[in-house]
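Colleague: I am new to reading protein models and would love a guided tour. Shall we start with a single residue and work outwards?

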Amino acid sequence: MKKTVRAYALDILRRQESEGGYLNLMLNHALQTANLSSQDADFLTRLVYLVVSHQLYLDHWINPIIQGKRVRPLEKTVLRMSLCQILFFDRVPTYAIIDEAVALVKARRGKQAAGFMNALLHQLTEIKCDWVEGKDIDETWSINYSHPIWLVKLLRRQYGDETALKILQANQKTPSLAARVNRLVTSKEAFLKQYPDCENGRLAQDAVLLKKGFQAYAEAYQRGEITIQDEASQYVSEFLDPPTGLVLDLCSAPGSKTCHLASLMRNQGTIKAFDLYKHKIALVKENAQRLKATNIEAQVYDATQLSHILPDGCADAILLDAPCSGLGVLGRKPEIRYHDSGVLDEVEQLQRQLLSVSYYLLKNNGKMVYSTCTLNKKENEKNIAWFLSQHPQMVLCEQRTIQPFEFGTDGFYMAKMVKKDEEHI
């Protein structure tokens, strides 16, 4: 029997919940191996992302129905999928959603479990799901926007209620599909003339918005004319405005920003790119080859230990796109919101290590950009304030936070600094 699109969705959601990992990678693997029609691929993608991004809201309505009953994780996931379709898929009739869910459970758990699922689903369809009023604003926003309470509290504390609410709402929308036009192969004008259905980007100078999905532009991608890259991510390399000397990219994989640096440098000068893992550096090299970026030297190395292989003061510029909690990409990677809050403190120490290494590698009058795809100010502004207090030679030129609601992009933070001569401090 041919595997149904909902069966693929169930497998992806169960695996992500039980094993962790990135939803987009699991989904991409399924799309590459399942041989689905474009319509089914779109349905699968939408269903998986909507279930995860609305999980707390879905559970709010499901939990009272299953309370006190022996409902296994697989069955709860099917309930989430079914309620998600009832709420957000207007063209799918409710009876078809119930039939598909019952058949799915019957195939996995047998006839008795299927009958139990049928009864639960009919109870679920009798509920009128609406805005939920919690005991306070944190609980209310947590349920309705499916963000854990700790994250709602963090955003309200750091940004105030008005901005926090806009962030939560933006995270429930899918960011625009953006690409960067590769100057090393073509021009933005030439690409837009060839693909008039695309739009100019809203933030980054080489950005275009793809309106028909990736497949419509696959040939341009293979020719190296474009690469898929969020506009806020593109803006980071522009923010550095790299010189044509020695540029270090300390955490480079998968190479999107590295190759953008090469494009901005017109393949002049040298970019030394580092990352911890062999398979990630392979991605950097693969992207560099496709995008005709010839001035990149990529190697596996722990960036916190770079002083062992590079002399002090060697770099004209440094890009430190640091590992972070990822709170700026919750629209694209909704599963991150359910991570334990303890990850914030763990990553902060690594970020400070990398900042300290960068200071010694940067030459006098050299410039560096520290960037993250998180909105947590402890990882951003507070880290930079700490770094500047430790190194008086470093001068902050500019810092910027791009919120996900501003341009329909990921959320990003970036700070540009210059290392002054000691006599000019």
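Colleague: Which does Leu-74 count as, buried or exposed?

Modeller: Before we start, this is a predicted model, in which local features need pLDDT of at least 70 and side-chain atom pairs count only at pLDDT 80 or more, while totals for chains, interfaces and linings use all residues. Residues are numbered from 1 along each chain as its sequence is written, and side-chain values use heavy atoms, with hydrogens and water left out. The scale runs from buried (under 20% relative accessible area) through partly exposed to exposed (over 50%), using a 1.4 Å probe and protein chains only. Because Leu-74 has 18% relative accessibility, this residue counts as buried.

Colleague: Which residues is Leu-74 in contact with, leaving aside neighbours within four places in sequence?

Modeller: Leu-74 sits in helix H5; helices (H or I, at least four residues) and strands (E, at least two) are DSSP runs, numbered from the N terminus. Val-105 is 31 residues away along the chain, and its C-alpha atom is 8.3 Å from that of Leu-74. Contact asks for heavy atoms within 4.5 Å. Leaving aside neighbours within four places in sequence, Leu-74 is in contact with Leu-10, Arg-14, Arg-108 and Arg-109.

Colleague: How far does helix H4 reach from its first C-alpha to its last?

Modeller: Helix H4 covers residues 55-66, which makes twelve residues. The expected span is 1.5 Å times one less than the number of residues, giving 16 Å for H4. The model comes close to that, since the end-to-end reach of H4 is 15 Å.

Colleague: What covers the buried residues of H4?

Modeller: The buried residues of H4 are Gln-55, Tyr-57, Leu-58, Asp-59, Trp-61, Ile-62, Ile-65 and Ile-66. Just after this helix, Gly-68 takes a positive phi of about 80°. The cover over those buried residues includes H3, H5 (73-88), H7 (111-125) and H8 (137-144).

Colleague: Why does Gln-55 count as buried?

Modeller: Gln-55 lies in H4. Not counting residues up to four places away in sequence, this residue touches Arg-80, Ser-146 and Tyr-338. Gln-55 counts as buried because its relative accessibility is 16%.

Colleague: Let's turn to strands. Which are the edge strands of the open sheet of four strands?

Modeller: Strands of a sheet pair through backbone hydrogen bonds, either parallel or antiparallel. Two strands pair if DSSP finds at least two bridges between them. In this open sheet the order is S2-S3-S1-S4, with antiparallel pairing. Pairing on one side only are the edge strands S2 (199-200) and S4 (226-228).

Colleague: And which residue in S3 is the bridge partner of Asn-200?

Modeller: S2 and S3 (residues 207-209) run antiparallel and are joined by two bridges. Within S3, the bridge partner of Asn-200 is Val-208.

Colleague: Which residue in S6 stands opposite Leu-248?

Modeller: In S5 (residues 246-249), Leu-246 and Leu-248 point one way, Val-247 and Asp-249 point the other way, and all are buried. S5 pairs with S6 (residues 270-275) in the parallel sense over four bridges. Opposite Leu-248 in S6 stands Lys-272.

Colleague: I have heard of cis peptide bonds. What is omega for the bond from Ala-253 to Pro-254?

Modeller: Pro-254 lies in the loop between S5 and H13 (256-264). The peptide bond from Ala-253 to Pro-254 is cis, with omega near 5°.

Colleague: What is the phi of Arg-266?

Modeller: Arg-266 is in the loop between H13 and S6. At 47% relative accessibility, this residue counts as partly exposed. Although Arg-266 is not a glycine, it has a positive phi of about 55°.

Colleague: What about Lys-292: what is its phi?

Modeller: Lys-292 belongs to the loop between H14 (278-290) and S7 (296-300). With a relative accessible area of 41%, Lys-292 is partly exposed. This residue is not a glycine either, and its positive phi is about 60°.

Colleague: One last stop: how far is the C-alpha atom of Ser-325 from that of Ala-220?

Modeller: Ser-325 lies in the loop between S8 (315-321) and H15 (343-361), and is buried, with a relative accessible area of 8%. Not counting residues up to four places away in sequence, Ser-325 touches Ile-336, Leu-344, Val-347, Thr-374, Asn-376 and Glu-379. Ala-220 is 105 residues apart from Ser-325 along the chain, and their C-alpha atoms are separated by 33 Å.
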